[in-house]
Amino acid sequence: MKYDVIIIGAGPGGIFSAYELAAKSDLKVAVFEAGHPLEKRRCPIDGKKVKTCIKCPICSIMSGFGGAGAFSDGKYNITNDFGGTLYEHIGKDEALRLMYYVDEINCAHGGAGTTMYSTSGTPLKKICMQNKLMLLSASVRHLGTDINYTVLGNIYEELKDRVDFFFDSPVTKLEVLEPGYRVYCRDQVYEADKCIVSVGRSGSNWMSDVCEQLEIPTKSNRVDIGVRVELPAEIFEHITDELYESKIVYRTEKFEDNVRTFCMNPHGIVVNENTNGIITVNGHSFEADDKKTGNTNFALLVAKHFSVPFSESNNYGESIARLSNMLGGGVIVQRFGDLERGRRSTEKRIEEGSVRPTLMATPGDLSLVLPKRILDGIIEMIYALDKIAPGTANDDTLLYGVEVKFYNMEVEVDDHLETRYPGLYVIGDGSGVTHSLSHASASGVYVAREIIGE
Ligand SMILES: Cc1cc2nc3c(=O)[nH]c(=O)nc-3n(C[C@H](O)[C@H](O)[C@H](O)COP(=O)(O)OP(=O)(O)OC[C@H]3O[C@@H](n4cnc5c(N)ncnc54)[C@H](O)[C@@H]3O)c2cc1C
């Protein structure tokens with residue numbers, strides 16, 4: 001089967017490439033996706049019969065139409081300050097323009113009634129500075145998990161007659177034909193003049209095999225390690241009501257490490273995440289009032305980057321997550337007061353606390369899992385946040401561990417996001433260039449326009 005463009009992966013990167021190609025050209029496009037169509041994506045955890053991750057061969061949270069973003073909180077952060085380094089390739093103005101374009105498309109497909117928050121002009125910036133905290137600048141469109149799902153469904157409806165989608169179809173091999181590319185999938189071969197690889201975090205092992213086979217240079221990336229904090233929503237309300245998601249950075253006094261908040265979910269829930277069989281923690285929230293909880297959660301993360309003699313930053317993060325899985329059978333939860341007193345949390349202590357956990361996790365001791373330097377930084381930051389949001393350092397504040405943000409190795413691509421093979425593009429989180437919905441989607445639009453010649 002012959003196409004003009006083959007796209008591997010139907011996450012935000014792949015979808016926005018397909019969208020732009022379908023909207024602005026007559027090119028014949030195919031999208032291959034390892035996971036299921038959107039409506040068939042189901043995580044078996046129902047809180048009753050299945051309470052924890054059963055390690056499905058294809059994780060419906062990470063794979064399928066919509067990619068890792070499908071059940072996410074749908075926070076589209078429009079900024080060059082975080083979420084990836086796309087601007088290093090395409091320039092800051094173009095990166096922002098494309099992120100706003102993606103926002104327009106999301107709004108046109110069901111996201112119009114949602115709120116766009118912004119840090120511009122907020123007095124919180126000064127309050128943060130006065131307390132040794134730095135608030136990063138961004139605008140954020142919060143679709144929420146439910147509207148995000150609707151938007152994806154609407155985009156698929158529009159695309160399905162113009163693009164050939166192959167679901168449950170992992171591409172096993174990618175061959176360079178000079179000219180063109182051949183992909184192998186479920187005993188079939190498909191060829192195209194151009195190929196866009198957008199395999200995200202879940203395709204990281206496959207991506208690294210492809211780079212090795214095709215001798216495409218790569219560089220190791222960082223890993224972020226930390227905990228997810230859960231507390232009563234009232235404590236952060238003055239911040240989340242104004243900004244929804246605030247990215248705040250703290251430089252620790254002890255080690256001069258940066259600790260930062262990540263993925264803030266007002267009135268949200270804490271969830272498990274399964275990356276290649278390792279269970280870590282994450283969080284999201286819903287736009288609909290009836291799904292809101294009384295808690296807010298966010299991550300506190302410290303970045304680690306290894307180079308010589310050990311360069312496998314992700315393996316370091318995986319080993320820490322494995323340790324928590326070994327001790328807790330999955331994610332561990334601990335009261336901040338118990339951590340400070342050097343004792344483990346128990347079911348009784350959690351039950352007696354005033355914060356009701358939204359994730360069933362094993363009460364335990366995070367100091368047995370997290371390296372001292374990382375844990376000290378997190379504790380320091382909790383006290384720093386307590387100054388701008390009093391109550392953060394309460395004994396009953398819950399900490400879930402571990403949260404690990406794995407980054408794909410950086411694939412060598414030029415300013416067109418093209419590899420050393422003409423017409424072979426690597427985009428989205430799979431390239432190591434982006435780590436967010438906005439940046440991944442913008443990278444998809446960018447290469448589509450490169451191909452069309454816009
Ligand atoms: C629970 C959760 C919440 C999140 N919340 C947010 C948020 O609120 N805001 C934000 O900015 N980011 C969030 N993120 C991150 C965001 O989802 C990712 O940055 C984004 O999805 C990356 O898009 P992508 O297209 O590059 O990759 P992905 O979304 O990972 O998509 C890649 C796709 O490729 C497929 N694939 C992999 N290998 C192959 C293969 N060999 N053949 C065929 N298909 C393959 C995968 O199945 C997957 O569907 C969240 C992530 C998670 C897991």
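Two residues are in contact if their C-beta atoms, placed from the backbone, lie within 7 Å.

**View 1. Overall fold of the predicted protein.** This is a predicted model, in which local features need pLDDT of at least 70 and side-chain atom pairs count only at pLDDT 80 or more, while totals for chains, interfaces and linings use all residues. Residues are numbered from 1 along each chain as its sequence is written. Among contacts in the protein between residues at least 6 apart in sequence, 76% link residues at least 24 apart. Along its principal axes, the C-alpha trace of the protein spans about 65 × 45 × 45 Å.

**View 2. The shell around the ligand.** The ligand is surrounded by 43 residues (C-beta atom, placed from the backbone, within 6 Å of it), and the closest are Gly11, Gly67, Gly200, Gly203 and Gly428. Two or more residues each come from α1 (12-24), β3 (75-78), β16 (278-284) and α12 (437-452), where helices are DSSP runs of H or I with at least four residues and strands are runs of E with at least two, numbered from the N terminus.

**View 3. Helix α1 and its surroundings.** Of the 13 residues of α1, 10 are buried, so the helix is largely enclosed by the rest of the structure; a residue is buried if 20 or more other C-beta atoms, placed from the backbone, lie within 10 Å of its own. Among these buried residues are Pro12, Phe16, Tyr19 and Glu20, and the buried residues of α1 pack against β1 (2-8), β2 (29-32), α3 (92-111), α5 (144-159), β10 (188-197) and α12.

Notes
A residue is buried if 20 or more other C-beta atoms lie within 10 Å of its own, exposed if 12 or fewer, and partly exposed in between; C-beta atoms are placed from the backbone.
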